[in-house]
Amino acid sequence: MAIDTATDVFEEHRPVLMGVAYRMLARVADAEDVVQDAWLRWSAEDRSDVREPRAYLVRVTTRLAIDRLRQVQSRREAYVGPWLPEPYITDFGDTAPDSAERAVLADSVSLAVLVVLESLSPLERAVFVLREAFGYPYADIAAVLDRGEPAVRQLAGRARKHVEERRPRYEVDPAERRDLTERFLAAAAEGDLEGLMSLLAPEARLIGDSGGLAQAPLRVLDGAEKVGRFVVGVTKKGASGLSLRFLEVNGGLAVLALSGGKPDSIIQLDVADGRVQCVYIVRNPEKLVSIPAA
């Protein structure tokens, strides 16, 4: 296989490899490092015996991601404040997948699901990602992980049960999310606590991720009143210097707040039954480096 051909083959499968790595690690930089390591192995490998490049590359990427996940898990245990996945731009314009693929994408990379995946073991997470997000047969997953198929089925069942018990029980309608997001922003800008309270579910939560590098709650805020008062307080203090724009992050509508032309935070709402169920705010500057300002 010529060098140009090897590069072309790898680039053809790069989106899938990045998809696997990001779902495994929930950090764009870590996922990019894993994909780069997979390229180095691919480019140095004797590929004459590789009959299915995609299967080979997914196997290499998954194993590298498992190793990287084991390394980063210890760092996350010392993380300051709540931890959220790094926002991942999923608006690919003309290259966007069809509606069926988009539905799977939106579910498998949503912030809520990725948070739940953090509680799985690396092997359970790999099985869940390959099975639920990419539809791999158990036999193929067994080959990727070098495990017996019965063991893989057991891992899959355990992971699925764990995720189903902890994932949100509602589906987010895109039009409803857009409407509530716009009304939420308007009420916040006006300092309208009563208006915000009318949009928040009684059990609404706010999860802010700063990593100790920016201002954000160091604990999850529970209850509509706490969330509403926090949003109004933050808006009064510093919203005047911010500009906002919509973008698609992790399969759903989000708001990018810019300060001085640079990303300041990503805000995303989970909504259901006409109310905001959860407010996610990512302010850790290290998690915003991949977000384009323009």
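This is a short talk on one helix, the nonpolar cores and one edge of strand pairing in a predicted model.

I'll start with helix α8. It has 18 residues, and from its first C-alpha to its last it reaches 26 Å, close to the 26 Å expected at 1.5 Å a residue. Which residues of α8 are buried? They are Val-152, Leu-155, Ala-156, Ala-159, His-162 and Val-163. Looking down the axis of α8, you find these buried residues within an arc of 135°, so they line one face of the helix. The general point behind that is familiar: an α-helix has 3.6 residues a turn, so residues three or four places apart point the same way. On the other side of α8, Pro-150, Gln-154 and Lys-161 are exposed. What do the buried residues of α8 pack against? Their partners are α5, α6 and α7.

That brings me to the cores. The largest nonpolar core has 51 residues, and the members that touch the most others are Met-24, Trp-42, Leu-117 and Leu-145. Helices α1, α2, α3, α5, α6, α7 and α8 each supply at least two of its residues. Of these, α1, residues 3–25, gives the most, with eleven.

Take Leu-145 as one case. If we leave aside its neighbours within four places in sequence, Leu-145 is in contact with Thr-62, Arg-63, Ile-66, Leu-123, Ala-126 and Val-127. Apart from the largest core lies another, of 22 residues, which includes Phe-184, Ala-188, Leu-196 and Ala-204. As a general remark, nonpolar side chains in soluble globular proteins tend to be buried together.

Now the strands, and β6 in particular. Strand β6 covers residues 275–282, and seven of its eight residues are buried, so to speak of it as mostly covered is fair under the cut-off of 20% relative accessible area. How does β6 run relative to β1, parallel or antiparallel? The two run parallel, and six bridges join them, with β1 spanning residues 200–209. Within that pairing, Leu-206 has Val-279 of β6 as its bridge partner.

Strand β5, residues 262–272, is also joined to β6, here by seven bridges, and these two run antiparallel. One bridge pairs Val-271 with Val-276 of β6. Between β5 and β6 the hairpin has two residues, and in it Asp-273 takes a positive phi near 55°.

To recap on β6: β1 pairs with it in parallel, and β5 pairs with it antiparallel. That is where I'll stop.

Note on methods
Residues numbered from 1 in each chain as written. Predicted model: local features only at pLDDT ≥ 70, side-chain atom pairs only at ≥ 80, totals over all residues. Heavy atoms only, no water. Buried < 20%, exposed > 50% of the residue type's maximum accessible area, 1.4 Å probe, protein only. Helix = DSSP H or I, 4+ residues; strand = E, 2+ residues; numbered from the N terminus. Pairing = 2+ DSSP bridges. Core = buried A, V, L, I, M, F, W, Y, C linked by side-chain atoms within 4.5 Å. Contact = heavy atoms within 4.5 Å. Expected span 1.5 Å × (residues − 1). Arc of directions from axis to C-beta.
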